[in-house]
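Okay, thanks for making time, everyone. I'd like to walk you through one model today, so have a look at the screen and we'll get going.

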Amino acid sequence: MENTSREDSKAPLLEAHDLELWRGDRRLFEGISLAVHESELLHITGPNGCGKTSLLRVLCGLTLPETGKVIWKGRQVARSRADYHSEMCYVGHRESLKADLSAYENLGFDLGLRRDAGTEVIRSALEEVGLTRAADVPSRSLSAGQKRRVSIARCLASKARLWVLDEPYTNLDVAGREFVDEMMTRHLQNDGLVLLVAHQSHGVAGHTVRQMEMA
Amino acid sequence: MDIPGLGTAFILQVRRDLQLAFRHVGQLANPLMFFIMVTTLFPLALNPMPRLLEAIAPGVLWVAALLASLLAAEGLFRQDVDDGTMEQLALSPQPLALMLLAKTVAHWLITGLPLVIMSPVVGYALFLPRDAVPTTMIALALATPILNLVGGSMAALTVGLRRGGGLLSLLILPIVMPVLIFGARATDMAMTGVDPAGALYLLAALLLLAVSLTPFAMAAAMRISLD
């Protein structure tokens, strides 16, 4: 495990200490500690099956680690799940869209659980990701790229501080990849945090990017 | 950040599930069709003597209702887990127990309530005495939510398995036996002119127990399944 650390006087917003996870009788990882600060992107890389997605799920609170703890703003996530989840948005392998509902209806529900936002917030988020016309057709007829855009719109509209993106580039063409990069760059400029798992290198430049290699 | 209240989230979830269900009206009618088919096949297969049918009516009615809700239990969370919306629900700031309770309420409105409404018709086909119909409807209205709630907690447990169908019935059936016993007993008592209040009270007590405990079981089981 290599973790290039950076001098920073500020306290990290997201911390993980000594995480260990087993799957059956196989140990996926152990002793993983990390810290992510404001406007910082942590890019987690590694070969297939090394537990990148599992690590991400542990960091989100979907999977409980055998040992170790995840801390958000100084509080342990397991004890303040609602606070953490209201500031986090997860984009997983599946797009989490109801195929029978339109992008607009899908986001309306997701957002309704997260914050009291008007309908115009959803419209403008969908507009921002370039889905003005496709917003009202059933999601089943959207392309993979469009669905990914809806997921990003969910992150935008929920005003989540922390974006957790699991392979956001899969199934995307060059334009789609550039779009994801642009959204991440903008989010980082707004003091957001990004946890990114991706095989490919990303197009976000600057000193706010750190890489972590899992073996 | 201001998180919307529990009531808002609950209503939102119920409304969305109903909205989704009404886009697939065919699937919606499945448990009801099963209930009607099973109960109307008995008079055809057996000797259609009113006295015979009357004698077996409570049993047939209740077994059919139980099996119909068992059939529906498998589909309660399956789609949500498969398309990933359950992950988002587990990662929302709302309590998962409440959201799953809301899903079960919507599920009851779609699969349980139609059984209650159709039971007089089915009872008529089985020569169930008219006096026993109101009692049967009340008993079914109390019993079907219990079946859905227990079915929901077991479905949450098995939803992570690819083929949990058979296992699901094995898990649910022993737990819901009291519901079958008291439900059929209530109908039976009303038929013979005995006051069925005792059996109905017991069903109501079971319903309260199920409403207060199963949401937490569902949430815990769902977190394990998503793990």
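**Helix 1 and its surroundings**

Let me jump in at one spot: right after helix 1 of chain A comes A:Gly61, and its phi is positive, about 100°. Before I go on, keep in mind that this is a predicted model.

So, helix 1 itself. It covers residues 52-60 of chain A, and A:Leu55 is in there. How many of the nine residues of helix 1 in chain A are buried? Eight of them, so the helix is mostly covered, as the burial cut-off is under 20% relative accessible area. The buried ones are A:Lys52, A:Ser54, A:Leu55, A:Leu56, A:Arg57, A:Val58, A:Leu59 and A:Cys60. Yes, you heard a lysine and an arginine in that list: A:Lys52 and A:Arg57.

Let's stay with A:Leu55 for a moment. Its relative accessibility is 0%, so it counts as buried. And what is A:Leu55 in contact with, if we skip the neighbours within four places in sequence? The answer is A:Leu19, A:Phe29, A:Ile32, A:Ile44, A:Met212 and A:Met214. For a sense of scale, take A:Pro138: it sits 83 residues from A:Leu55 in sequence, and the two C-alpha atoms are 33 Å apart.

Now the sheet. In chain A there's an open one made of four strands, ordered 3-2-5-6, with antiparallel pairing. Which strands stand at its edges? Strand 3 (26-36) and strand 6 (75-76) of chain A do; each has a single partner strand, so one side of each has no neighbour in the sheet.

Strand 2 of chain A is a good one to follow. It spans residues 14-23 and runs antiparallel to strand 5, residues 67-72, with five bridges joining the two. On the other pairing, seven bridges join strand 2 to strand 3 of chain A, again antiparallel. Those two, strands 2 and 3 of chain A, also make a hairpin with two residues between them, and A:Gly24 in the turn has a positive phi of about 65°.

If you want to check the register on screen, click on A:Glu15. In strand 5 of chain A, A:Glu15 stands opposite A:Ile71, and in strand 3 its bridge partner is A:Ala35. Then go to A:His17, which has A:Lys69 opposite it in strand 5 of chain A.

There's parallel pairing in chain A as well. Strand 7 and strand 8 (residues 162-166) of chain A pair that way, over four bridges. One of the facing pairs is A:Val91 with A:Leu165 in strand 8 of chain A. In a regular strand, side chains alternate between the two faces of the sheet. Strand 7 of chain A, residues 88-91, goes like this: A:Met88 and A:Tyr90 point one way, A:Cys89 and A:Val91 the other way. Are they buried or exposed? All are buried.

Okay, zooming out. Chain A as a whole has six helices and 10 strands. Its radius of gyration is 17 Å, close to the 17 Å from the globule rule for 215 residues, so chain A is as compact as a globular protein of that length. The C-alpha atoms fill a box of roughly 45 × 40 × 35 Å along the principal axes. Of the 215 residues in chain A, 54% count as buried.

And then there's chain B. How many helices and strands does chain B have? It has 10 helices and zero strands. Its radius of gyration is 18 Å, which agrees with the value near 17 Å for a compact globule of 227 residues. The C-alpha box for chain B is roughly 65 × 30 × 30 Å along the principal axes. Of its 227 residues, 52% count as buried.

Contacts next, counting pairs at least 6 apart in sequence. In chain B, 81% of these join residues at least 24 apart. For chain A, 71% of the contacts with a separation of 6 or more are between residues 24 or more positions apart.

Last bit: surface and charge. Chain A exposes about 9500 Å², with carbon and sulfur atoms supplying 46% of it. For chain B the exposed area is about 10200 Å², and carbon and sulfur atoms supply 72%. On charges, chain A carries 28 positive and 30 negative side chains, and the centres of the two sets lie 4 Å apart. Chain B has 11 positive and 12 negative charges, whose mean positions are 4 Å apart.

That's my tour, happy to rotate things for anyone.

Technical notes. Residues numbered from 1 in each chain as written. Chains lettered and ligands numbered in written order. Predicted model: local features only at pLDDT ≥ 70, side-chain atom pairs only at ≥ 80, totals over all residues. Heavy atoms only, no water. Rg over C-alpha atoms; globule rule 2.2 N^0.38 Å. Buried < 20%, exposed > 50% of the residue type's maximum accessible area, 1.4 Å probe, protein only. Contact = heavy atoms within 4.5 Å. Areas by Shrake-Rupley, 256 points an atom, 1.4 Å probe, with all protein chains shown as cover. Lys, Arg positive; Asp, Glu negative; His and termini not counted. Charge placed at Lys NZ, Arg CZ, Asp CG, Glu CD. Pairing = 2+ DSSP bridges.
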